[in-house]
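The following paragraphs offer a guided reading of one protein model, with attention to its charged side chains and its helices. Please keep the sequence and the structure in view while reading.

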Amino acid sequence: MDYLFLKYAHIIAFVYWLGGDLGTFLASNYVVNRDIGTESRGVALKIMLACDQGPKLAMPLIITLGLQMAYMTGLLAVPAGVMIAAWLVSIYWFSVVMILHLNEGKAFTAIISKIDFYFRIAVVVILLLWAIAGLMDNSLIRADWVAYKMIVFAGLVTCGIFIRINLKPFIPAFVSLMKDGASDELNDTLMASLMRCRPYVWCIWGGLFLNAAIGVHLLG
């Protein structure tokens, strides 16, 4: 696998993650805007969900691309089988995101979504343990900055998990909005749910900027 191609793909994943997050953030302001019609808010939600696919698809790719580059440059000392496993996990993760997006609203997606929730928790735990072990033993990860990037990425996934938790009241409230029309109670529920997510969104942006700075050796 060509290193420069991996580096290029890694950068593109970063762009789609950050850019998609910004589009999602801006569209969400219109979704909860009480001053526009229900139909317009529905269109804004569709735009928000479409923009959100960029970050969701970039997430499983960006970490594996980074691990592969670290492996190819000798900074990650693991058997080849570990990298094969990492790519299989990435493909699984990417596929789940696509399945959930293409089958939105279907009954079976609830089970897949629940499995995906715990899968992400497992990803966080594995990455943290791997990074901490690498910081304690340089024979596992031969550059501390690689371990730091893994820790930051685990933090980004954690933020995503908390966003999902705080968005739980949002979907049923929006369904009621589209079905029965706006009310102060529904508007308050939508706004409160979104506001609880905002700090985690800002943390994700900060984490992406931090990892980019570490990656180009501006820090560390």
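A salt bridge is here a side-chain nitrogen of Lys or Arg lying within 4 Å of a carboxyl oxygen of Asp or Glu. The model under discussion is predicted, and a search of the whole structure finds 4 salt bridges.

One of these pairs is formed by D188 and R34, whose closest N and O atoms are 2.5 Å apart. This pair links distant parts of the chain: D188 belongs to helix α7 (residues 184–215), whereas R34 sits in the loop between α1 and α2 (38–72), and 154 residues separate the two. How accessible are the partners? D188 has a relative accessible area of 42% and is therefore classed as partly exposed. R34 is likewise partly exposed, because its relative accessible area is 40%, and the class in question lies between the limits of 20% and 50%.

A further group of charged residues is centred on D116. The side chains of D116 and R120 meet in a salt bridge, with 2.8 Å from N to O. Both residues lie in helix α4 (residues 109–136); because they are 4 residues apart there, about one helical turn separates D116 from R120. D116 also forms a salt bridge with R164, and in this case the closest N and O atoms are 2.7 Å apart. Here the contact links distant parts of the chain, since D116 is in helix α4 and R164 is in helix α5 (residues 144–166), 48 residues apart. Taken together, D116, R120 and R164 are linked in a network of salt bridges.

Which members of this network are buried, and which are partly exposed? The limit for a buried residue is a relative accessible area under 20%. D116, at 1%, is therefore buried, and R120, at 12%, is buried as well. R164 has a relative accessible area of 27%, so this residue is partly exposed.

The reading may end at helix α1. At the start of α1, a side-chain oxygen of D2 reaches to within 3.1 Å of the backbone nitrogen of L4. What span should the 29 residues of helix α1 have? At 1.5 Å a residue, helix α1 (residues 3–31) should span 42 Å; the C-alpha atoms at its ends are 41 Å apart, so the model agrees with the expected value.

Notes. Residues numbered from 1 in each chain as written. Predicted model: local features only at pLDDT ≥ 70, side-chain atom pairs only at ≥ 80, totals over all residues. Heavy atoms only, no water. Expected span 1.5 Å × (residues − 1). Polar contact = N/O pair within 3.5 Å; in protein donor to acceptor, adjacent residues only side chain to side chain. Buried < 20%, exposed > 50% of the residue type's maximum accessible area, 1.4 Å probe, protein only.
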